[in-house]
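This report looks at how a protein chain surrounds its bound ligands. The sequence and structure come first, followed by the metal site and the organic contacts in turn.

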Amino acid sequence: VTRFDASDWEEVVKAVGRSTEVSVACHVNPDGDALGSLLGTTLALRKAGKRAHASWGTDPLEVPEGYAFLPGAASIIQPRDVPPAETFLALDCGAEDRLGELQDVARRSDMVINIDHHPGNDNFGTLNVVVPSVSSTAELIAALIADVGIEVDGDIATCLYTGVVTDTGRFSYANTSPDALRLAADLVGRGVSPTLVASELWESSSFDYLKLLGRMLERATLCDEAGFVYSWITLDDLAATRVPIDSTEGLIDTLRSTRSADVAVMLKQQAGGTYRVSLRSKGPRSVGAIARAHGGGGHELAAGFTADDVQAAVEDIRRELTKSL
Ligand code: 5GP
Ligand code: MN
């Protein structure tokens with residue numbers, strides 16, 4: 001069977017089914033869908049008796065604290081320890097460079113399978129399943145696991161559910177489709193505790209994080225004429241509050257909660273000094289094109305790029321968003 005109108009689907013199912021060793025990677029700065037897909041896939045492959053290596057291309061990588069509860073998280077290895085394999089699975093990577101330090105390992109593998117839901121993915125794999133209409137990469141992985149013939153247990157289900165629930169914004173964004181909800185229902189039937197996952201994801205921040213959130217909110221700025229709100233955090237903020245950078249993914253969700261703006265922009269300073277810029281739109285205005293124009297990418301309503309300077313980036317965004325009003 002072919003699924004999702006993806007012409008390589010059957011080939012992908014066969015290739016994964018016959019592989020005995022697979023290296024699995026998600027994108028750098030992984031979010032819930034990237035990590036849930038990575039670990040759901042890895043656990044399923046291992047269940048089928050295959051050797052599976054899980055990682056992403058940041059050296060050294062550290063599993064974000066908030067996702068350490070995911071089954072299999074402790075088995076994630078450093079990218080330098082990932083071997084080129086007969087099959088290399090790239091998950092949730094909208095472009096090849098999202099593999100970071102693992103690009104080279106992918107190129108030295110016999111076959112690269114690119115499984116993703118970002119529009120604009122350039123099919124960098126040997127085989128490609130790129131389906132922008134699905135809620136999440138986890139939705140594609142659930143179908144893949146089923147077609148390869150592996151039974152989803154409670155641990156695999158928890159990983160995949162985490163992918164769906166985070167990428168749909170707790171079943172609130174425009175990608176909250178009937179299929180996404182049916183998959184979530186099926187996964188809950190297989191042993192996921194939605195309460196436990198929600199409490200790990202959204203009710204487990206440190207008290208220090210609340211203080212960082214306070215700093216971010218204090219300097220939030222509303223650009224009324226362009227209809228967006230922005231704020232930023234610096235390395236100083238992180239040092240002063242003792243919050244690790246990878247625990248800051250949720251800041252933008254608080255920023256976007258105001259009704260005063262339909263676009264939220266969060267700038268976060270990275271080690272080295274540059275800023276990761278995250279863009280979120282409540283629709284219909286797209287932020288994907290802005291990210292792409294600045295060398296980044298993502299979805300139309302959730303995208304990101306890297307910038308050197310807060311004010312210059314904000315001015316660019318202001319100009320673009322004023323045009324789209
Ligand atoms: P976030 O703001 O959470 O980092 O990213 C939002 C979305 O945009 C995610 O789907 C993420 O994969 C994508 N994204 C973020 N930064 C980049 C980038 O630099 N390049 C590409 N291709 N996609 C990005
Ligand atoms: Mn995703």
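A polar contact is taken here as a pair of N or O atoms within 3.5 Å. The model is predicted, and the contacts of ligand 1 that meet this cut-off include the three in the table below.

| Protein group | Atom of ligand 1 | Distance |
|---|---|---|
| R276, side-chain N or O atom | nitrogen | 2.6 Å |
| H299, polar side-chain atom | oxygen | 3.4 Å |
| G304, backbone N or O atom | nitrogen | 3.4 Å |

Of the 500 Å² of accessible area that ligand 1 has on its own, the protein covers 86%. The shell around ligand 1 numbers 13 residues, of which R98, H118, R276, S278 and R280 come nearest, and by class it holds two nonpolar, eight polar and three charged residues. At least two residues of this shell are supplied by each of the strands β9 (275-281), β10 (297-298) and β11 (302-307).

The manganese ion (ligand 2) has as its protein donors D33 (OD), D92 (OD), H117 (NE2) and D167 (OD), which lie 2.2 to 2.5 Å from the ion. Along the sequence these donor residues follow the spacing D-x58-D-x24-H-x49-D. Within this set, D92 and H117 are 25 residues apart and link distant parts of the chain, with D92 in the loop between β3 (87-91) and α3 (103-107) and H117 in the loop between β4 (111-116) and β5 (127-130). D92 counts as buried because its relative accessibility is 1%, and H117, at 2% relative accessibility, likewise counts as buried.

How values were computed: Residues numbered from 1 in each chain as written. Chains lettered and ligands numbered in written order. Predicted model: local features only at pLDDT ≥ 70, side-chain atom pairs only at ≥ 80, totals over all residues. Heavy atoms only, no water. Donors = N, O, S within 2.8 Å, 3.2 Å for Na, K, Ca; no water. Helix = DSSP H or I, 4+ residues; strand = E, 2+ residues; numbered from the N terminus. Buried < 20%, exposed > 50% of the residue type's maximum accessible area, 1.4 Å probe, protein only. Near = heavy atom within 4 Å. Polar contact = N/O pair within 3.5 Å; in protein donor to acceptor, adjacent residues only side chain to side chain. Areas by Shrake-Rupley, 256 points an atom, 1.4 Å probe, with all protein chains shown as cover. Nonpolar A, V, L, I, M, F, W, Y, C, P; charged D, E, K, R; others polar.
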